[in-house]
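Here are some notes to help you find your way around this one. Have a look at the sequence and the structure first, then read on.

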Amino acid sequence: MPLDPALRDHIVAAVSANFDAQIAHTRALMRFASTRGEEQAIQDFVFRTFRERGYAMDRFAMDRAQIEAHPGGARFSPEHSAAPIVVGIHRPREERGRSLILQAHVDVVPPGPADLWTHPPFEPVVEGDWLYGRGGADMKAGHAANLFALDALRRIGLQPAATVTLQSVVEEESTGNGALMTHLRGYRADAVLIPEPEEEMLVRANTGVLWFRVEVRGRPVHVREMGTGANAIDAAYRVIGALRQLEARWNEDKAGRPHFEGEAHPINLNIGRIEGGDWASSVPAWCRIDCRIAIYPGTSAAEAAHEIEAAVQAFARDDAFLSNSPPSVAFHGFFAEGYVLEAGSEAEAVLGRAHAAATGKALESFMTAGYLDTRVHALYDRVPALCYGPKSENIHGFDERVSLASLKRITTAMALFVAEWCGTESL
C-alpha cells in the first residue's frame with residue numbers, strides 16, 4: 001500500500017536534514033584506502049558505526065571450504081582478502097512488514113598512478129555537485145546511503161516494522177565471495193537492495209564474470225641467438241588473439257537473448273595485466289596474462305571456463321611453438337553466473353513508487369555488463385534483488401566521482417522504499 005503523503009513528506013525532509021552528516025560519513029569511509037586485502041580497518045569502523053546505532057552485530061570470516069564447494073564460489077588465491085564480513089541487524093518490536101537486506105561493499109580497486117589524479121585518490125574533495133575520490137561512487141556513497149536511509153526514519157521517531165539486515169562485504173571487486181558468504185552464513189530476506197552506482201536506474205540484467213590467468217613458458221637464450229629461442233611474451237600475444245576470437249564468437253551469440261541482443265558488444269574480454277621475462281637482453285622464458293571476460297545469464301561459470309580452456313588448447317595445437325609447450329589456464333577470481341531480474345515483483349513496484357516520489361520520474365531499467373553482488377541473492381536466495389544507485393563518472397578510473405544531488409535523491413528513494421516495504425513502527 002502506498003505511503004501516506006504526510007509520512008512521505010516527513011521522510012523526504014529527514015533525508016535532507018541529515019544529508020550533510022551523510023556526506024561527512026561518506027568521506028570518512030573514502031579516507032580508508034580499502035584496496036583488496038586492506039579492508040580490516042574500514043570494517044572495524046563500520047562495525048563501530050552499526051553498533052553505536054544499536055544494531056545486533058555479527059562479524060565473521062569467510063569459510064574457504066564452504067565457498068569453494070559452492071558453484072558460485074571463486075577459488076581462493078594468495079591475494080584473497082582475509083578481512084571479515086560485518087553485519088548489523090535491526091529487529092522490530094513486532095514483525096509486521098517484509099524483511100530486507102541492504103548490502104554494500106567496502107573494497108575498492110587500486111587507484112593507479114597518483115599523478116594522474118587531480119586530487120589524491122583517498123582524500124575526498126567536493127567540487128560543485130561532485131564528490132571526488134577512489135571508491136566514492138563504487139560504492140561507499142551507497143554504503144552510507146544504506147545507513148542513512150534508516151537514520152532518516154529514526155530522525156522522525158520511526159523504525160522498520162520488519163527485520164532489516166545491513167551487510168558490509170569485501171571481495172566484490174575480485175571474487176564476489178563476500179556476498180556469497182553472507183548467503184552461506186544463512187542471512188535471508190524477502191528482498192535485497194544494493195545501491196551500486198547505476199545512474200538512478202534499476203539493473204534488469206547482468207552478465208556473469210570470470211577471471212583467469214594464462215601462463216606461457218618459452219625457451220630463454222641471449223638476444224644475439226634469439227632465432228633459436230622461443231619468446232614467451234610473443235607467444236602470449238598470439239594466445240590473446242585466440243581469446244579475442246572467442247570473445248567475438250560469444251558476442252555473435254547475442255541474437256535472441258533479451259536485454260543483450262540490442263547491445264553492440266555485450267561480452268567484453270579485458271587483458272588486465274601482463275608480466276613476463278627476467279632481463280631486457282634475454283629472450284623471455286615466461287609470460288602471464290590476467291584476463292576478465294563476461295558471460296551471458298544462463299551460462300554457468302563451469303561451462304564458460306571449459307570453453308576458454310578448449311579455445312586455448314585448440315589454438316596451441318596449431319601453433320609451432322605452443323604445440324610443444326602448451327599454455328596453462330587457471331581460474332583465480334570471479335567465477336560468477338549472470339542473472340535476469342524478472343519484471344513484475346512487488347519489491348520493484350514499491351521501489352518504482354519511491355523513485356517517482358524522490359525524482360519525479362518513472363523508474364527505468366537497463367542491462368549492465370559488469371559483475372554485481374546481486375547475483376548471489378537473485379540466483380541462490382531467489383528473491384527480488386534490486387541494484388539501484390546514484391549517478392557517477394569514472395568508476396575504476398582517474399577522478400572517480402559521484403553526484404551529490406543524485407545521491408540525495410537515491411537516499412530519499414531508499415528511505416521511502418524501506419518505509420513502504422517494511423512498514424514502520426515507533427521507536
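The points below cover the domains, the interface between them and one sheet.

1. Before anything else, keep in mind that this is a predicted model.

2. Start with the overall layout. The domain assignment splits the chain into domain 1, made of 5-206 + 338-426, and domain 2, which covers 208-336. Their C-alpha centres sit 34 Å apart.

3. Now for where the two domains meet. On the domain 1 side 23 residues are in contact, against 15 residues of domain 2. Together the domains bury about 1,500 Å², with 61% of that area on carbon and sulfur atoms. Arg-75, Gly-338 and Met-367 account for 33% of what domain 1 buries here, more than any other three residues.

4. What about polar links? Across this interface the rule finds 0 salt bridges, but it does turn up 2 residue pairs in polar contact, both at pLDDT 80 or more. As for elements, β9 (202-206) and β15 (339-340) each give two or more residues to the side of domain 1 that touches domain 2. β9 gives the most, with 3 residues.

5. Next, take a look at an open sheet of 4 strands, in the order β4-β5-β19-β18 with antiparallel pairing. The edges are β4 (125-127) and β18 (392-393), each pairing on one side only.

6. Zooming in on one edge, β4 pairs with β5 (residues 130-132) in the antiparallel sense over 3 bridges. There, Val-126 stands opposite Leu-131 of β5.

7. Finally, find helix α10 (residues 404-422), which lies across β4, β5 and β19 (401-403). The helix runs at about 60° to β19.

Conventions: Residues are numbered from 1 along each chain as its sequence is written. This is a predicted model: local features need pLDDT of at least 70, side-chain atom pairs count only at pLDDT 80 or more; totals for chains, interfaces and linings use all residues. Side-chain values use heavy atoms; hydrogens and water are left out. Two strands pair if DSSP finds at least two bridges between them. Contact means heavy atoms within 4.5 Å. Axes are lines fitted to C-alpha atoms, for helices over the stretch in contact, and angles run from 0 to 180 degrees between N-to-C directions. Domain bounds come from an automatic or database domain assignment. Buried area is the accessible area (1.4 Å probe) that two parts lose on being put together, summed over both. A salt bridge is a side-chain nitrogen of Lys or Arg within 4 Å of a carboxyl oxygen of Asp or Glu. A polar contact is a pair of N or O atoms within 3.5 Å; within protein, one must be able to donate a hydrogen and the other to accept it, and residues adjacent in sequence count only if both atoms are side-chain atoms.
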